[in-house]
Number of protein chains: 2
Amino acid sequence: MTIEQLNNDESRVIILKAVADAMRLKIIRMLYYHGGEMNCGEIGEQLNIQKSTVSYHFRTLREAGLTTTRKIGQNKYVKLRLDTFATYLPGFLDTL
Amino acid sequence: MTIEQLNNDESRVIILKAVADAMRLKIIRMLYYHGGEMNCGEIGEQLNIQKSTVSYHFRTLREAGLTTTRKIGQNKYVKLRLDTFATYLPGFLDTL
DNA sequence: AAACTAGTTCTATGACAATCGAACAATTAA
DNA sequence: TTAATTGTTCGATTGTCATAGAACTAGTTT
């Protein structure tokens with residue numbers, strides 16, 4: 001079940017909930033100001049929480065359609081889906 | 001304690017959480033498309049939930065700085081604070 | 001092959017959120 | 001002054017969310 005299959009309000013709520021968390025805001029801000037992709041570990045290091053928790057937040061963002069993930073070897077690279085932000089939260093990233 | 005006294009991320013999370021709920025999205029949409037102020041009862045009627053629940057959602061929106069309230073006699077009128085939306089969620093209302 | 005590294009999944013836990021119904025307060029109408 | 005109306009607050013319930021730690025998978029290094 002991906003975000004695109006839900007009706008408008010359901011996906012909107014999922015997206016907003018995904019963004020409505022201090023940790024995930026930090027992750028989004030990092031990704032945005034970094035520009036491109038970031039290693040999951042790289043991000044996790046700066047958050048000072050367990051890797052299982054980091055993984056949980058990445059999943060939440062991915063399932064909300066706010067990020068994409070690419071695996072290379074044992075590393076995973078995450079980047080923001082600017083299209084989703086533009087559709088549901090236009091201008092939001094620039095306020096961070 | 002009002003939203004303006006908190007640091008940026010704290011208020012951001014409160015605002016986003018306030019918006020990340022299906023009922024409150026409906027309320028916001030109603031207020032936005034109606035244009036001006038609306039009677040609490042008027043809004044509540046269309047939501048099909050108990051008045052105590054409606055009151056709870058109004059408080060959540062107000063404490064997040066997303067609405068203001070004005071009491072006239074026994075009625076209460078609510079309107080959106082467009083300034084808050086513009087600052088934290090620019091363009092968001094137009095996506096609704 | 002064995003040890004190491006990067007992430008995920010599972011289970012448990014504590015905190016917080018949404019809802020309801022009942023009691024309450026304040027205003028207006030009869 | 002008693003009814004009715006409009007909204008708030010309180011207590012209880014149910015559900016969801018964020019976190020941690022342990023066990024696990026997949027890929028890498030030695």
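In the hairpin that β2(A) and β3(A) form, two residues lie between the strands, and G73(A) adopts a positive phi near 60 degrees. This is a detail of a predicted model, and the hairpin offers a convenient point of entry to the sheet of chain A. The two strands of the hairpin, β2(A) and β3(A), run antiparallel and are joined by six bridges. Within this ladder, T68(A) has K79(A) of β3(A) as its bridge partner.

The hairpin belongs to a wider arrangement. Chain A has an open sheet of three strands in the order β1-β3-β2, with antiparallel pairing. Strands β1 (38–39) and β2 (67–72) of chain A occupy the edges with a single partner strand each, so one side of each lacks a neighbour in the sheet. Strands in a sheet pair through backbone hydrogen bonds, in either a parallel or an antiparallel sense. For β1(A) and β3 (residues 75–80) of chain A, the pairing is antiparallel and extends over two bridges. One residue of this pairing is M38(A), whose bridge partner in β3(A) is V78(A).

The sheet is set among helices. Chain A contains six helices and three strands, and along the sequence these elements follow the pattern α-α-β-α-α-β-β-α-α. As to overall dimensions, the C-alpha trace of chain A spans about 35 × 30 × 20 Å along its principal axes. The radius of gyration of chain A is 13 Å, which agrees with the value near 12 Å that a compact globule of 96 residues would have.

Among the helix contacts inside chain A is that of α2 (residues 22–34) with α4 (residues 51–63), whose axes come within 10 Å and cross at roughly 75 degrees. Because of this angle, α2(A) is roughly perpendicular to α4(A). On the α2(A) side the contact involves M23(A), R24(A), I27(A) and I28(A), which meet Y56(A), H57(A), F58(A), T60(A) and L61(A) of α4(A). Sorted by class, the residues in the contact of α2(A) with α4(A) are six nonpolar, two polar and one charged.

Helix α2(A) also takes part in a contact with chain B. Its axis and that of helix α1 (residues 8–19) of chain B come within 10 Å and cross at roughly 110 degrees. The helices α2(A) and α1(B) are therefore roughly perpendicular to each other. From α2(A), the residues A22(A), L25(A) and R29(A) make the contact, and from α1(B), D9(B), R12(B), V13(B) and L16(B). In the contact of α2(A) with α1(B), four residues are nonpolar, none is polar and three are charged.

How are the two chains related? Two copies of a chain are related by a rotation about an axis together with a shift along that axis. Here, a rotation of 180 degrees with 0.0 Å of shift along its axis superposes chain A on chain B, with an RMSD of 0.0 Å. The relation is therefore that of a two-fold axis. Both copies use the same surface, since 100% of the contact residues of chain A recur in chain B.

Chain B has a hairpin of its own. Strands β2 (residues 67–72) and β3 (residues 75–80) of chain B pair in the antiparallel sense over six bridges, and T67(B) stands opposite L80(B) in β3(B). Two residues separate β2(B) from β3(B) in this hairpin, and G73(B) in the turn has a positive phi of about 60 degrees.

Note on methods
Residues numbered from 1 in each chain as written. Chains lettered and ligands numbered in written order. Predicted model: local features only at pLDDT ≥ 70, side-chain atom pairs only at ≥ 80, totals over all residues. Heavy atoms only, no water. Axes fitted to C-alpha atoms, helices over the stretch in contact; angles between N-to-C directions. Helix = DSSP H or I, 4+ residues; strand = E, 2+ residues; numbered from the N terminus. Parallel < 35°, antiparallel > 145°, perpendicular 65-115°, else oblique. Contact = heavy atoms within 4.5 Å. Nonpolar A, V, L, I, M, F, W, Y, C, P; charged D, E, K, R; others polar. Least-squares fit on C-alpha atoms with pLDDT ≥ 70 in both. Pairing = 2+ DSSP bridges. Rg over C-alpha atoms; globule rule 2.2 N^0.38 Å.
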